[in-house]
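Reader: I have a few questions about the labels used for this structure. Could you walk me through the reasoning behind them?

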Amino acid sequence: MFITFEGPDGSGKTTQIRILASTLIEAGFSVVVTREPGGTAIGDQIRNVLHDTANTAMSSVAEVLLYSASRAQLVEEIIRPALADGRIVLCDRYADSTMAYQGFGRGLDRGMLADLTAYATGGLKPDLTIYLDLDVSDGLARRRNEGEEMNRLDLEAVHFHERVRGGYRLLAAADPGRWITVDADRPAGEVATEIRDIVLHRLSVSR
Ligand code: TYD
């Protein structure tokens with residue numbers, strides 16, 4: 001099963017993935033945790049280019065091609081082989097981030113993005129997408145308070161992040177069979193319990 005985590009910066013995806021991974025491993029599942037951009041040696045080099053705050057001149061087209069290149073590598077090198085081995089793949093961001101950030105945030109044509117993503121992934125879609133929904137200013141504040149490094153996207157205006165959030169909500173509403181929206185404005189333990197129950201239920205149904 002292929003499970004992706006989406007949400008604004010600072011929504012706690014990384015913490016939740018870590019907790020879910022240990023819960024699933026304890027329950028006897030074989031789990032692979034990965035992330036975008038990155039997750040492979042080549043992808044991590046692409047990630048550095050994408051996140052470098054010195055790269056203010058990067059065009060939106062160059063940006064989306066780099067995210068897609070990192071994704072193509074990750075799908076071929078890590079995700080498809082793991083799924084073929086019957087493992088559960090937990091991925092911190094995937095193609096829906098491109099739709100939310102480059103489509104709704106930057107305003108790139110969403111039909112073109114869908115085609116590009118289909119090409120980059122060979123059509124591989126998640127079985128389940130957990131969307132951690134959080135107010136934009138709360139997310140950015142969390143990120144600053146936790147002293148995390150601000151990447152090129154974090155430095156975008158609040159309006160940009162509002163468009164991203166609006167985009168996520170539309171995507172989630174359009175495909176309720178795949179998307180689960182979780183309110184991330186709660187203690188991490190509470191969020192983790194909700195996610196665990198959803199995922200264990202899905203796993204029992206799909207057996
Ligand atoms: P990362 O440091 O992984 O942050 P987070 O903890 O928020 O996931 O940064 C990933 C950044 O890249 C994030 O700001 C969202 C952005 N992004 C895109 O704009 N498009 C994409 O396709 C992906 C995968 C990420």
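Reader: Why is threonine 40 called buried or exposed here?

Author: Happy to explain, keeping in mind that this is a predicted model. Threonine 40 has 4% relative accessibility, and buried means under 20%, so threonine 40 counts as buried. You will find threonine 40 in the loop between strand E2 (31–35) and helix H2 (41–51). Leaving aside residues up to four places away in sequence, threonine 40 touches Gln73, Leu74, Glu77 and Ile78.

Reader: What makes H4 oblique to H7?

Author: The axes of helix H4 (residues 95–105) and helix H7 (residues 158–174) cross at roughly 130° and come within 8 Å. That angle belongs neither to the 65 to 115 range for roughly perpendicular nor to the values over 145 for roughly antiparallel, so H4 is oblique to H7. The crossing of H4 past H7 is right-handed.

Reader: Which residues meet there?

Author: On the H4 side they include Met99, Tyr101 and Phe104, and on the H7 side Phe160, Val164 and Leu171 are among them. The residues of this contact divide into nine nonpolar, three polar and two charged.

Reader: How do you know that the radius of gyration of the protein chain agrees with a compact globule?

Author: For 207 residues, a compact globule would have a radius of gyration near 17 Å; the protein chain has 16 Å, so the two agree. The C-alpha trace spans about 45 × 35 × 30 Å along its principal axes, and 48% of the 207 residues count as buried. As for its make-up, the protein chain has eight helices and five strands.

How values were computed: Residues are numbered from 1 along each chain as its sequence is written. This is a predicted model: local features need pLDDT of at least 70, side-chain atom pairs count only at pLDDT 80 or more; totals for chains, interfaces and linings use all residues. Side-chain values use heavy atoms; hydrogens and water are left out. Helices (H or I, at least four residues) and strands (E, at least two) are DSSP runs, numbered from the N terminus. Buried means under 20% relative accessible area, exposed over 50%, partly exposed in between (1.4 Å probe, protein chains only). Contact means heavy atoms within 4.5 Å. Axes are lines fitted to C-alpha atoms, for helices over the stretch in contact, and angles run from 0 to 180 degrees between N-to-C directions. Angles under 35 degrees count as roughly parallel, over 145 as roughly antiparallel, 65 to 115 as roughly perpendicular and the rest as oblique. A crossing is left-handed if the near helix is turned anticlockwise from the far one by less than a right angle, and right-handed if clockwise. Ala, Val, Leu, Ile, Met, Phe, Trp, Tyr, Cys and Pro count as nonpolar, Asp, Glu, Lys and Arg as charged, and the others, Gly among them, as polar. The radius of gyration is taken over C-alpha atoms; the globule rule is 2.2 Å times the number of residues to the power 0.38.
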